[in-house]
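Here is a short tour to read with the model open beside you. We will go from the sheet to the charged pairs and then to the empty spaces.

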Amino acid sequence: MEHKTTLGRSNLRVPRMGVGAMVWGDPKGLARLHPAHSAYGGSHGYEEEKRALEVSLEAGVNLFDTAAMYSLGAAERRLGELVRGKDVIIATKYPSGFSFRVEDFPKELEMTLARLGRDCIDLYQHHFPNARLSISKLMDLVADAVEAGKIKAVGVSNYSAEQMREAHAALAKRGIPLASNQGEYSLLNRKPEVDGVLDACRELGITLIAYSPLAGGRLTGKYSGQNRASGFFRRVLPQFSRKSLDTIQPVIQLLREIGNRYSKTPSQVAIRWLIENPIVLPIPGAKNGKQAMENAGALLFSLTPEEIRMLDQATLPWRK
(Lines give C-alpha, C1' and ligand atoms only; values in the text may rest on other atoms or scores of the structure.)
Protein backbone atom coordinates (compact mmCIF):
# COMPACT_ATOMS: atom_id res chain seq x y z
CA MET A 1 0.00 0.00 0.00
CA GLU A 2 1.52 3.36 -1.07
CA HIS A 3 2.04 5.51 2.02
CA LYS A 4 3.75 8.43 0.24
CA THR A 5 2.55 11.06 -2.18
CA THR A 6 3.70 14.39 -3.59
CA LEU A 7 2.17 17.48 -2.00
CA GLY A 8 0.38 19.16 -4.89
CA ARG A 9 2.86 19.91 -7.67
CA SER A 10 5.68 20.74 -5.26
CA ASN A 11 8.83 18.66 -4.78
CA LEU A 12 7.76 17.70 -1.24
CA ARG A 13 7.17 13.96 -0.69
CA VAL A 14 4.75 13.46 2.19
CA PRO A 15 2.93 10.57 3.91
CA ARG A 16 -0.77 9.98 3.08
CA MET A 17 -1.63 11.33 6.53
CA GLY A 18 -0.11 13.88 8.89
CA VAL A 19 -0.35 14.68 12.60
CA GLY A 20 -2.08 17.78 13.97
CA ALA A 21 0.03 19.19 16.81
CA MET A 22 -2.29 22.07 17.69
CA VAL A 23 -2.30 21.67 21.47
CA TRP A 24 1.33 20.58 21.90
CA GLY A 25 3.62 22.61 24.12
CA ASP A 26 3.46 24.24 27.49
CA PRO A 27 1.57 27.51 27.13
CA LYS A 28 1.94 30.19 29.81
CA GLY A 29 -0.46 32.90 30.90
CA LEU A 30 -2.98 34.03 28.28
CA ALA A 31 -1.84 31.34 25.85
CA ARG A 32 -3.74 28.84 27.99
CA LEU A 33 -6.98 30.48 26.85
CA HIS A 34 -6.46 29.37 23.24
CA PRO A 35 -9.81 27.99 21.96
CA ALA A 36 -8.19 24.65 21.09
CA HIS A 37 -7.24 24.13 24.73
CA SER A 38 -10.75 25.05 25.87
CA ALA A 39 -12.30 22.70 23.29
CA TYR A 40 -10.01 19.67 23.42
CA GLY A 41 -8.13 20.11 26.68
CA GLY A 42 -4.43 20.94 26.82
CA SER A 43 -1.39 18.90 26.00
CA HIS A 44 -0.82 15.56 27.73
CA GLY A 45 2.74 16.69 28.51
CA TYR A 46 6.21 16.39 27.01
CA GLU A 47 6.58 12.62 27.44
CA GLU A 48 3.23 11.82 25.79
CA GLU A 49 3.93 14.22 22.91
CA LYS A 50 7.31 12.56 22.47
CA ARG A 51 5.57 9.19 22.41
CA ALA A 52 3.03 10.45 19.82
CA LEU A 53 5.95 11.57 17.67
CA GLU A 54 7.80 8.25 18.01
CA VAL A 55 4.70 6.13 17.30
CA SER A 56 3.89 8.25 14.24
CA LEU A 57 7.43 8.01 12.87
CA GLU A 58 7.42 4.23 13.37
CA ALA A 59 4.24 4.11 11.25
CA GLY A 60 5.88 6.21 8.51
CA VAL A 61 3.90 9.33 9.40
CA ASN A 62 6.51 12.11 9.52
CA LEU A 63 4.43 15.20 8.64
CA PHE A 64 3.52 17.38 11.64
CA ASP A 65 1.28 20.45 11.36
CA THR A 66 1.32 23.38 13.78
CA ALA A 67 0.95 27.20 13.68
CA ALA A 68 2.51 30.33 15.14
CA MET A 69 -0.87 31.22 16.63
CA TYR A 70 -1.27 27.97 18.58
CA SER A 71 -0.56 28.67 22.26
CA LEU A 72 1.19 31.91 21.20
CA GLY A 73 4.21 30.10 19.82
CA ALA A 74 4.49 27.37 22.47
CA ALA A 75 3.31 24.67 20.01
CA GLU A 76 5.99 25.58 17.45
CA ARG A 77 8.68 25.66 20.13
CA ARG A 78 7.71 22.21 21.46
CA LEU A 79 7.54 20.65 18.00
CA GLY A 80 10.94 22.09 17.10
CA GLU A 81 12.40 20.71 20.32
CA LEU A 82 10.94 17.21 19.82
CA VAL A 83 11.93 16.76 16.18
CA ARG A 84 15.51 17.98 16.40
CA GLY A 85 17.80 15.64 14.46
CA LYS A 86 14.87 13.58 13.11
CA ASP A 87 13.67 13.08 9.54
CA VAL A 88 10.49 15.09 9.91
CA ILE A 89 8.44 17.36 7.64
CA ILE A 90 7.19 20.44 9.46
CA ALA A 91 4.12 22.30 8.23
CA THR A 92 3.33 25.50 10.07
CA LYS A 93 1.15 28.54 9.57
CA TYR A 94 1.53 32.30 9.94
CA PRO A 95 0.82 34.90 11.28
CA SER A 96 1.17 34.81 15.05
CA GLY A 97 -1.53 37.43 15.66
CA PHE A 98 -4.51 39.25 14.17
CA SER A 99 -2.81 42.60 13.41
CA PHE A 100 -0.72 41.07 10.60
CA ARG A 101 0.10 43.18 7.54
CA VAL A 102 1.76 41.95 4.35
CA GLU A 103 5.00 43.78 5.18
CA ASP A 104 5.22 41.83 8.48
CA PHE A 105 5.78 38.56 6.59
CA PRO A 106 9.62 38.47 6.71
CA LYS A 107 9.58 39.11 10.46
CA GLU A 108 6.92 36.40 11.03
CA LEU A 109 9.04 33.93 9.06
CA GLU A 110 12.18 34.69 11.10
CA MET A 111 10.28 34.34 14.39
CA THR A 112 8.90 30.94 13.36
CA LEU A 113 12.32 29.70 12.19
CA ALA A 114 13.74 30.75 15.58
CA ARG A 115 10.98 28.97 17.53
CA LEU A 116 11.40 25.80 15.48
CA GLY A 117 15.20 25.98 15.63
CA ARG A 118 15.43 25.53 11.84
CA ASP A 119 16.77 27.46 8.87
CA CYS A 120 14.05 26.24 6.47
CA ILE A 121 10.32 25.39 6.73
CA ASP A 122 9.02 22.45 4.69
CA LEU A 123 5.48 23.80 4.22
CA TYR A 124 4.60 27.39 5.15
CA GLN A 125 0.89 28.22 5.06
CA HIS A 126 -1.03 31.49 5.36
CA HIS A 127 -3.46 30.67 8.18
CA PHE A 128 -6.51 32.82 7.31
CA PRO A 129 -7.37 35.04 4.33
CA ASN A 130 -8.19 38.60 5.24
CA ALA A 131 -10.07 41.21 3.19
CA ARG A 132 -7.46 43.81 4.20
CA LEU A 133 -4.55 41.78 2.80
CA SER A 134 -3.48 41.63 -0.83
CA ILE A 135 -3.04 37.92 -1.60
CA SER A 136 -0.84 38.62 -4.63
CA LYS A 137 1.48 40.97 -2.68
CA LEU A 138 1.74 38.44 0.14
CA MET A 139 2.52 35.58 -2.26
CA ASP A 140 5.24 37.74 -3.82
CA LEU A 141 6.99 37.99 -0.44
CA VAL A 142 6.48 34.26 0.12
CA ALA A 143 8.08 33.60 -3.29
CA ASP A 144 11.09 35.72 -2.23
CA ALA A 145 11.50 33.45 0.82
CA VAL A 146 11.24 30.32 -1.36
CA GLU A 147 13.97 31.70 -3.63
CA ALA A 148 16.08 32.50 -0.54
CA GLY A 149 15.85 28.82 0.49
CA LYS A 150 13.81 29.49 3.65
CA ILE A 151 10.62 27.71 2.48
CA LYS A 152 10.36 24.46 0.49
CA ALA A 153 6.64 24.41 -0.33
CA VAL A 154 3.91 27.06 -0.16
CA GLY A 155 0.46 26.48 1.28
CA VAL A 156 -2.62 28.40 2.34
CA SER A 157 -5.32 27.61 4.88
CA ASN A 158 -9.07 28.33 5.01
CA TYR A 159 -8.92 29.87 1.50
CA SER A 160 -12.00 29.86 -0.73
CA ALA A 161 -11.74 28.54 -4.29
CA GLU A 162 -11.45 32.12 -5.60
CA GLN A 163 -8.73 33.05 -3.08
CA MET A 164 -6.82 29.85 -3.93
CA ARG A 165 -6.91 30.75 -7.61
CA GLU A 166 -5.51 34.21 -6.83
CA ALA A 167 -2.67 32.78 -4.70
CA HIS A 168 -1.98 30.10 -7.33
CA ALA A 169 -1.78 32.69 -10.15
CA ALA A 170 0.51 35.03 -8.16
CA LEU A 171 2.94 32.21 -7.35
CA ALA A 172 2.81 30.82 -10.91
CA LYS A 173 4.24 34.14 -12.17
CA ARG A 174 7.31 33.29 -10.10
CA GLY A 175 7.38 29.66 -11.27
CA ILE A 176 6.31 28.36 -7.85
CA PRO A 177 3.34 25.96 -7.33
CA LEU A 178 0.72 26.43 -4.63
CA ALA A 179 1.11 23.05 -2.96
CA SER A 180 -1.84 22.92 -0.57
CA ASN A 181 -4.92 24.49 0.96
CA GLN A 182 -5.77 23.42 4.49
CA GLY A 183 -9.47 23.33 5.30
CA GLU A 184 -12.00 21.58 7.46
CA TYR A 185 -13.17 18.38 5.79
CA SER A 186 -14.73 15.20 7.15
CA LEU A 187 -17.76 12.95 6.70
CA LEU A 188 -19.65 15.47 8.86
CA ASN A 189 -18.35 18.53 6.99
CA ARG A 190 -18.37 17.92 3.24
CA LYS A 191 -18.52 21.61 2.34
CA PRO A 192 -15.30 21.50 0.18
CA GLU A 193 -17.23 19.24 -2.23
CA VAL A 194 -19.88 21.89 -2.88
CA ASP A 195 -18.17 25.28 -2.44
CA GLY A 196 -15.70 24.76 -5.28
CA VAL A 197 -12.60 24.18 -3.12
CA LEU A 198 -12.16 20.48 -3.94
CA ASP A 199 -12.84 21.11 -7.64
CA ALA A 200 -10.25 23.91 -7.73
CA CYS A 201 -7.72 21.67 -5.94
CA ARG A 202 -8.28 18.97 -8.55
CA GLU A 203 -8.02 21.40 -11.46
CA LEU A 204 -4.90 23.22 -10.21
CA GLY A 205 -3.06 20.19 -8.81
CA ILE A 206 -3.32 21.30 -5.17
CA THR A 207 -3.57 18.97 -2.16
CA LEU A 208 -6.43 19.61 0.28
CA ILE A 209 -5.05 19.13 3.78
CA ALA A 210 -8.08 18.11 5.86
CA TYR A 211 -8.10 19.38 9.42
CA SER A 212 -10.66 18.17 11.95
CA PRO A 213 -11.03 14.88 9.97
CA LEU A 214 -12.86 13.34 12.94
CA ALA A 215 -15.24 16.33 13.22
CA GLY A 216 -13.89 17.40 16.60
CA GLY A 217 -14.18 13.85 17.92
CA ARG A 218 -17.76 13.25 16.84
CA LEU A 219 -16.68 10.51 14.42
CA THR A 220 -14.80 8.52 17.07
CA GLY A 221 -18.05 6.96 18.30
CA LYS A 222 -17.29 8.12 21.85
CA TYR A 223 -20.10 10.65 22.03
CA SER A 224 -23.87 10.43 21.95
CA GLY A 225 -26.85 12.29 23.37
CA GLN A 226 -26.28 10.35 26.62
CA ASN A 227 -22.50 10.80 26.65
CA ARG A 228 -21.56 14.33 25.66
CA ALA A 229 -18.09 15.82 25.12
CA SER A 230 -16.29 17.66 27.88
CA GLY A 231 -14.63 21.07 27.43
CA PHE A 232 -16.51 24.39 27.47
CA PHE A 233 -16.42 25.04 23.70
CA ARG A 234 -17.64 21.60 22.72
CA ARG A 235 -20.43 21.78 25.30
CA VAL A 236 -21.87 24.95 23.74
CA LEU A 237 -21.35 24.22 20.03
CA PRO A 238 -24.63 23.23 18.31
CA GLN A 239 -23.03 20.18 16.66
CA PHE A 240 -22.33 18.79 20.16
CA SER A 241 -25.90 19.22 21.39
CA ARG A 242 -27.79 16.08 22.44
CA LYS A 243 -30.00 16.33 19.37
CA SER A 244 -27.04 16.66 16.95
CA LEU A 245 -25.16 13.79 18.57
CA ASP A 246 -28.26 11.60 18.29
CA THR A 247 -28.61 12.55 14.60
CA ILE A 248 -25.15 11.22 13.73
CA GLN A 249 -25.63 7.80 15.36
CA PRO A 250 -26.60 6.04 12.05
CA VAL A 251 -23.29 7.31 10.59
CA ILE A 252 -21.37 5.97 13.61
CA GLN A 253 -23.19 2.66 13.26
CA LEU A 254 -22.18 2.39 9.59
CA LEU A 255 -18.54 3.25 10.46
CA ARG A 256 -18.64 0.47 13.07
CA GLU A 257 -20.09 -2.06 10.64
CA ILE A 258 -17.47 -1.29 7.99
CA GLY A 259 -14.70 -1.19 10.60
CA ASN A 260 -15.67 -4.61 11.94
CA ARG A 261 -14.88 -6.14 8.53
CA TYR A 262 -11.26 -4.99 8.88
CA SER A 263 -10.93 -5.00 12.69
CA LYS A 264 -10.79 -1.19 12.57
CA THR A 265 -12.47 1.52 14.66
CA PRO A 266 -14.99 4.16 13.49
CA SER A 267 -12.18 6.78 13.64
CA GLN A 268 -9.91 4.74 11.40
CA VAL A 269 -12.68 4.23 8.82
CA ALA A 270 -13.55 7.97 8.90
CA ILE A 271 -9.89 8.93 8.30
CA ARG A 272 -9.54 6.24 5.62
CA TRP A 273 -12.53 7.69 3.73
CA LEU A 274 -10.48 10.89 3.28
CA ILE A 275 -7.26 9.04 2.38
CA GLU A 276 -9.09 7.19 -0.41
CA ASN A 277 -9.27 10.53 -2.25
CA PRO A 278 -5.78 10.95 -3.79
CA ILE A 279 -5.82 14.76 -3.49
CA VAL A 280 -6.79 14.80 0.21
CA LEU A 281 -4.37 14.49 3.14
CA PRO A 282 -5.98 14.29 6.61
CA ILE A 283 -4.14 15.56 9.71
CA PRO A 284 -5.89 14.11 12.79
CA GLY A 285 -4.61 15.46 16.09
CA ALA A 286 -2.62 13.28 18.49
CA LYS A 287 -1.90 14.33 22.07
CA ASN A 288 -0.44 11.00 23.13
CA GLY A 289 0.98 7.73 21.84
CA LYS A 290 -2.37 5.94 22.01
CA GLN A 291 -4.10 8.48 19.77
CA ALA A 292 -1.15 8.45 17.33
CA MET A 293 -1.32 4.66 17.10
CA GLU A 294 -5.09 4.77 16.57
CA ASN A 295 -4.71 7.32 13.74
CA ALA A 296 -1.88 5.38 12.05
CA GLY A 297 -4.17 2.33 11.81
CA ALA A 298 -6.01 4.17 9.01
CA LEU A 299 -3.02 3.49 6.72
CA LEU A 300 -3.23 -0.29 7.05
CA PHE A 301 -6.36 -1.11 5.04
CA SER A 302 -8.45 0.15 2.11
CA LEU A 303 -12.15 0.75 1.60
CA THR A 304 -13.99 -0.73 -1.37
CA PRO A 305 -15.76 1.60 -3.86
CA GLU A 306 -19.07 0.29 -2.47
CA GLU A 307 -18.09 1.16 1.14
CA ILE A 308 -17.06 4.65 0.03
CA ARG A 309 -20.42 5.02 -1.75
CA MET A 310 -22.31 3.92 1.39
CA LEU A 311 -20.46 6.47 3.53
CA ASP A 312 -21.05 9.19 0.91
CA GLN A 313 -24.76 8.35 0.90
CA ALA A 314 -25.10 8.19 4.69
CA THR A 315 -23.56 11.66 5.12
CA LEU A 316 -25.38 13.53 2.32
CA PRO A 317 -27.08 15.87 4.87
CA TRP A 318 -23.58 17.19 5.76
CA ARG A 319 -22.72 17.90 2.13
CA LYS A 320 -23.81 21.53 2.13
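A residue counts as buried when its relative accessible area is under 20%, as exposed when that area is over 50%, and as partly exposed in between, using a 1.4 Å probe and the protein chains only. Helices (H or I, at least four residues) and strands (E, at least two) are DSSP runs, numbered from the N terminus.

This is a predicted model, in which local features need pLDDT of at least 70 and side-chain atom pairs count only at pLDDT 80 or more, while totals for chains, interfaces and linings use all residues. Residues are numbered from 1 along each chain as its sequence is written, and side-chain values use heavy atoms, with hydrogens and water left out.

**The sheet**

A good place to begin is strand β6 (residues 121-126), where 6 of the 6 residues are buried, so the strand is mostly covered. What order do the strands take in the open sheet of 8 strands? The order is β3-β4-β5-β6-β7-β8-β9-β10, and the pairing is parallel. Two strands are said to pair if DSSP finds at least two bridges between them. The edge strands, β3 (19-20) and β10 (280-282), each pair on one side only.

At the β3 edge, 2 bridges join β3 to β4, and these strands run parallel. Here valine 19 of the sheet stands opposite phenylalanine 64 in β4.

Returning to β6, you can follow its partners on both sides. β5 and β6 run parallel and are joined by 4 bridges, with threonine 92 standing opposite tyrosine 124 in β6. The chain passes from β5 through helix α4 (residues 105-116) to β6, in a β-α-β crossover that is right-handed. That term applies if, with the strands pointing away from the viewer, the path from the first strand over the helix to the second runs clockwise. β6 also runs parallel to strand β7 (residues 151-157), to which 5 bridges join it. Histidine 126 stands opposite valine 156 in β7. β6, helix α5 (residues 135-147) and β7 form a right-handed β-α-β unit.

**Charged pairs**

Side chains of opposite charge can pair when their charged atoms come close. A salt bridge here is a side-chain nitrogen of Lys or Arg within 4 Å of a carboxyl oxygen of Asp or Glu. The structure holds 21 salt bridges. The table gives a few of them.

| Pair | Closest N to O |
|---|---|
| Lysine 93 and aspartate 65 | 2.5 Å |
| Glutamate 203 and arginine 165 | 3.0 Å |
| Arginine 202 and aspartate 199 | 3.3 Å |

Take the salt bridge between lysine 93 and aspartate 65. Lysine 93 lies in strand β5 (residues 89-94) and aspartate 65 in strand β4 (residues 63-65), so this pair ties together parts that are 28 residues apart in sequence. Are these two residues buried or exposed? Lysine 93 is buried, with a relative accessible area of 0%, and aspartate 65 counts as buried at 4%.

Next comes the salt bridge of glutamate 203 with arginine 165. Glutamate 203 sits in helix α7 (residues 197-204) and arginine 165 in helix α6 (residues 161-172), so distant parts of the chain, 38 residues apart, are linked. Glutamate 203 is partly exposed at 49% relative accessible area, and arginine 165 is partly exposed at 36%.

Arginine 202 and aspartate 199 both lie in helix α7, 3 residues apart, about one turn of the helix. Arginine 202 is partly exposed at 47%, and aspartate 199 is partly exposed at 45%. Elsewhere, a network of salt bridges links Asp140, Asp144, Glu147 and Arg174.

**Empty spaces**Rolling a probe the size of a water molecule over the atoms shows where empty space is left. On a 1 Å grid over the protein atoms alone, a cavity is a set of points where a 1.4 Å probe fits but cannot get out, and a pocket is an open set with protein on both sides within 12 Å along at least five of seven lines; lining residues have an atom within 4 Å of a point. Grid points are joined across faces, edges and corners, and a volume is the space filled by probe spheres set on the points.

The count comes to 1 cavity of 30 Å³ or more. The largest cavity holds about 40 Å³ of space. Among the residues lining this cavity are Met17, Val19, Ser56, Pro284 and Asn295. Helix α12 (residues 289-296) gives the largest share of that lining, 3 residues.

For side-chain classes, Ala, Val, Leu, Ile, Met, Phe, Trp, Tyr, Cys and Pro count as nonpolar, Asp, Glu, Lys and Arg as charged, and the others, Gly among them, as polar. The lining of the largest cavity has 7 nonpolar, 3 polar and no charged residues.

The second largest pocket has a volume of about 220 Å³. It is lined by 13 residues, and Gly183, Glu184, Lys191, Pro192 and Asp195 are the closest to its centre. Strand β8 (residues 178-184) gives the most to this lining, with 4 residues. The lining of the second largest pocket divides into 4 nonpolar, 6 polar and 3 charged residues.
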